[in-house]
Amino acid sequence: MPTQAPAPLRKESPLAAILDATNRVILGKDGEIRMALACLLARGHLLIEDLPGVGKTTLAHTLAAVLGMRFSRIQFTSDMLPADIIGISIFERERSSFRFIPGPIFAHVVLADEINRATPKTQSALLEAMEEHQVTSEGETRPMPDPFFVIATQNPSHHIGAYPLPESQLDRFMMRIALGYPDHAAERALLEGGGRRESAASVSACLAPGMLAQLQSQAAAVHVAPALLDYVQALLAATRDEPRFVHGLSPRAALALLAAARAWAFIDGRAMVLPEDVQTVLPAIARHRLRLAQTGSGASADDIADLVRHTPVP
């Protein structure tokens, strides 16, 4: 399904500065970068599924740097335990009490690298943090930083040592995207300029403290007309009535679709959501939530395109 051509941003816009800085590191992926930024503005979490070496980790590093947020990276492995993510309590003899040592999840941007290499028990340690913005350890609840954004990467499920993410975990991710191979021009620039990991380390913050929360509020305030809500509900009904899917999109997915469409319109500099915004973000919202009845695999881009084709715009 073709991606809607983005409108040019004003040069003085902070979003333009973010996109420009990120595009200088991640070459030839403007659409995917905009989708990741829309996910963040919509207060969601992002899952990037692709082959190793296409820039998933570099994208997470770069976004954290340009947004000026505290960054933490968790390398998931098969022997990792939930306490390695959340943290542990240690007993201090001097005080005769326990002291909690926060785990790497307590950061603004958390990169869960190769999340599907960990066991389901460890994967589930992220569930409460992603959904409730808090973690509970040893009977005590601790809030997450605000903002809190999880970017998880996973290798294709057919790779050795990968555990498929359960549906409950997948549903916590607002969007799932893939970066794919760079085009010819971007790959040539990469080959001539060397790796981009060093470039990501040298990126400067484009936002002042507190500005991200302001941008998120502005994105959430983008106008949605009643006719646009009719269109969203028609798409939801189409997924639920379509026999090729095991089940349709949930109300949570509907809210995610609307929030992402608002964020996409906001990035384009518009004050209202268009049907094209919904169509653009729909694949990233729906493909990891819809499963095919015949194969049990996730919906393809063609499945979503067919859904859009057969759902008239009011």
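This is a short chat about salt bridges, helix crossings and confidence in a predicted model.

Me: What kind of model is this, and how are residues numbered?
Reply: Residues are numbered from 1 along each chain as its sequence is written, and side-chain values use heavy atoms, with hydrogens and water left out. The model is predicted, and local features need pLDDT of at least 70, side-chain atom pairs count only at pLDDT 80 or more, and totals for chains, interfaces and linings use all residues.

Me: What does the protein chain average in pLDDT?
Reply: The average is 86, and 91% of the residues score at least 70. pLDDT is the predictor's confidence in each residue, from 0 to 100.

Me: Where is the pLDDT below 50?
Reply: Over residues 1–5. Beyond near neighbours in sequence, that stretch has 14 contacts in the model, a contact meaning heavy atoms within 4.5 Å.

Me: Salt bridges next. How many in the whole structure?
Reply: The search finds 20. A salt bridge here is a side-chain nitrogen of Lys or Arg within 4 Å of a carboxyl oxygen of Asp or Glu.

Me: Why would side chains pair like that?
Reply: Side chains of opposite charge can pair when their charged atoms come close.

Me: What does Arg24 form a salt bridge with?
Reply: Asp20, with the closest N and O atoms 2.3 Å apart. Both residues lie in helix 1 (residues 14–25), four residues apart, about one turn of the helix. Helices (H or I, at least four residues) and strands (E, at least two) are DSSP runs, numbered from the N terminus.

Me: Which side chain meets Arg291?
Reply: That of Glu167, in a salt bridge of 4.0 Å, N to O. Arg291 lies in the loop between helix 13 (275–286) and helix 14 (301–309), and Glu167 in helix 7 (residues 167–170), so the pair ties together parts 124 residues apart in sequence.

Me: Is Arg291 buried or exposed?
Reply: Partly exposed, with a relative accessible area of 23%. Glu167 is partly exposed too, with 46%. Buried means under 20% relative accessible area, exposed over 50%, and partly exposed in between (1.4 Å probe, protein chains only).

Me: And which side chain meets Asp171?
Reply: Asp171 and Arg252 meet in a salt bridge at 3.1 Å, N to O. Asp171 lies in the loop between helix 7 and strand 9 (175–177) and Arg252 in helix 12 (residues 251–267), so this pair ties together parts 81 residues apart in sequence. Asp171 counts as buried at 18% relative accessibility, while Arg252 is partly exposed at 32%.

Me: Which residues are linked in a network?
Reply: Salt bridges link Asp30, Arg34, Asp268, Arg270 and Asp277.

Me: Changing topic: how do helix 1 and helix 2 cross?
Reply: Their axes come within 10 Å and cross at roughly 135°, helix 2 being residues 30–41. Axes are lines fitted to C-alpha atoms, for helices over the stretch in contact, and angles run from 0 to 180 degrees between N-to-C directions. That makes helix 1 oblique to helix 2; under 35 degrees counts as roughly parallel, over 145 as roughly antiparallel, 65 to 115 as roughly perpendicular and the rest as oblique.

Me: Which residues meet there?
Reply: Among them are Leu15 and Ile18 in helix 1, and Ile33 and Leu37 in helix 2.

Me: Last one: is Ile304 buried or exposed?
Reply: Buried, at 0% relative accessibility. Ile304 lies in helix 14, and its C-alpha atom is separated by 9.3 Å from that of Thr239, 65 residues apart along the chain.
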